[in-house]
Amino acid sequence: MGFSITSPPPTHIISQHRPHHHHPRPDPKHLPLNLTRRSLLLSTTTSLSISIPTTATSAPTPSPLPPSPPDTTVTDRVFMDFSLCPNYFRPERTFADDITSLCSESVLLGRVVLGLYGRLVPLTVAHFKSLCTNTTSSSSYKGTLVHKVFPGQFLLAGRQGDKPGEVRRPKGLARNVETVDSKSFALTHSKPGLLSLCLSENDDDEDIKLDPEYRNVEFLITTGPGPCPELDNKNIVFGSVLEGLDVVTAIAAIPTYRPAERIKQFNDLAEFFGDERAQNARSSWNRPLKTIFISDCGEVKVTKPSLSPPSLP
């Protein structure tokens, strides 16, 4: 019995040997179906394109620049001599007397030199300097009282009125528009020895305040030891003590009149019912039990007036 061997039909085999001569790349549509793994990779790498998504990143928004600090350059210097009068509240005094005749035997406490911020609030500085230098006129700080002392906080001076020891109504001063400008309140009462224009703590005579030509010149000096945040945004800081902080501290140590707690309660009740005597009674609170007044004042002439204020403790 004989057998016949038939060979299988020839199959297309892709050779892995790269010919030396160049042949055009076959069209993928006409490739045979029996592809090897290597031929599949070689045919797809040329047509595969990788696209990397790009995200549009916007430039970071620059942060706004911080506001520039207030200009506290000292443009002017003035001095004030504070004295202690032992006999001001004598019973025989009259309203015709002035502080010079009443306090002929006064004792000098010391001199305070104040640096003024003329670039920050020029009108406020001009008014204050005018009343310090015009010592020959009736509108001057010379011969006026430190009429209130708040222990551990500040002292008040320059009250306007017609009594001895009070500032007469100043004339010829321009209207101070800085009192309604928010930029004027940039500085805070953060340390002892700061000079400030009294607005919220104003003790001027009520009849004088009603005058259309009224100009506020009452001032305060912080005495420390701590800050006075209750004065911030209500009063205008326009200078600082350059010399004589020990004199300010000595004035702050003078005893003042403090009513008893029961009197304060009666006063609050009287004010609640609209009794005008309540306000009159409070005007005597915190008055020094010894008379302190400004015995002299004026301008300090320096070669270079534009100086930065020292850092006080």
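## Phe-128 and its neighbours

Leaving aside residues up to four places away in sequence, Phe-128 touches Val-78, Met-80, Leu-114, Leu-116, Tyr-141, Leu-195, Phe-219 and Phe-238. Please keep in mind as you look around that this is a predicted model.

Phe-128 is one of the buried residues of helix 3, together with Thr-124, Val-125, His-127, Ser-130, Leu-131 and Cys-132. What do the buried residues of helix 3 pack against? Their partners are strand 1 (76–85), strand 2 (107–116), strand 5 (194–197), strand 6 (219–222), strand 7 (236–243) and strand 8 (291–299). The length of helix 3 also works out nicely: its 12 residues (122–133) should span 16 Å at 1.5 Å a residue, and the end C-alpha atoms are indeed 16 Å apart.

## Two nonpolar cores

Phe-128 also belongs to the largest nonpolar core, which has 44 residues. The residues with the most contacts inside this core are Met-80, Phe-82, Leu-114, Phe-128, Tyr-141 and Phe-219. Strand 7 gives the core its largest share, five residues. A second core, separate from this one, has seven residues, among them Phe-150, Phe-154, Cys-198 and Leu-231.

As background, nonpolar side chains in soluble globular proteins tend to be buried together.

## The chain as a whole

Stepping back, the chain holds seven helices and eight strands. Of its 313 residues, 38% are buried. Contacts between residues at least 6 apart in sequence join partners at least 24 apart in 78% of cases. The exposed surface of the chain comes to about 20,100 Å², with carbon and sulfur atoms supplying 57% of it.

## Gly-110 in strand 2

Strand 2 is home to Gly-110. Is Gly-110 buried or exposed? With a relative accessible area of 14%, Gly-110 falls under the 20% cut-off and is therefore buried. Not counting residues up to four places away in sequence, Gly-110 touches Met-80, Asp-81, Phe-82 and Val-247. Two of those names, Met-80 and Phe-82, also appear among the residues with the most contacts inside the largest core. Along the chain, Gly-110 and Ala-250 are 140 residues apart, yet their C-alpha atoms are separated by 9.5 Å.

## Thr-256 in a loop

Where does Thr-256 sit? Its place is the loop between helix 5 (245–252) and helix 6 (261–272). Thr-256 is buried, because its relative accessible area is 11%. Setting aside residues up to four places away in sequence, Thr-256 touches Val-149, Pro-151, Asn-286, Arg-287, Pro-288 and Leu-289.

Note on methods. Residues numbered from 1 in each chain as written. Predicted model: local features only at pLDDT ≥ 70, side-chain atom pairs only at ≥ 80, totals over all residues. Heavy atoms only, no water. Helix = DSSP H or I, 4+ residues; strand = E, 2+ residues; numbered from the N terminus. Buried < 20%, exposed > 50% of the residue type's maximum accessible area, 1.4 Å probe, protein only. Contact = heavy atoms within 4.5 Å. Areas by Shrake-Rupley, 256 points an atom, 1.4 Å probe, with all protein chains shown as cover. Expected span 1.5 Å × (residues − 1). Core = buried A, V, L, I, M, F, W, Y, C linked by side-chain atoms within 4.5 Å.
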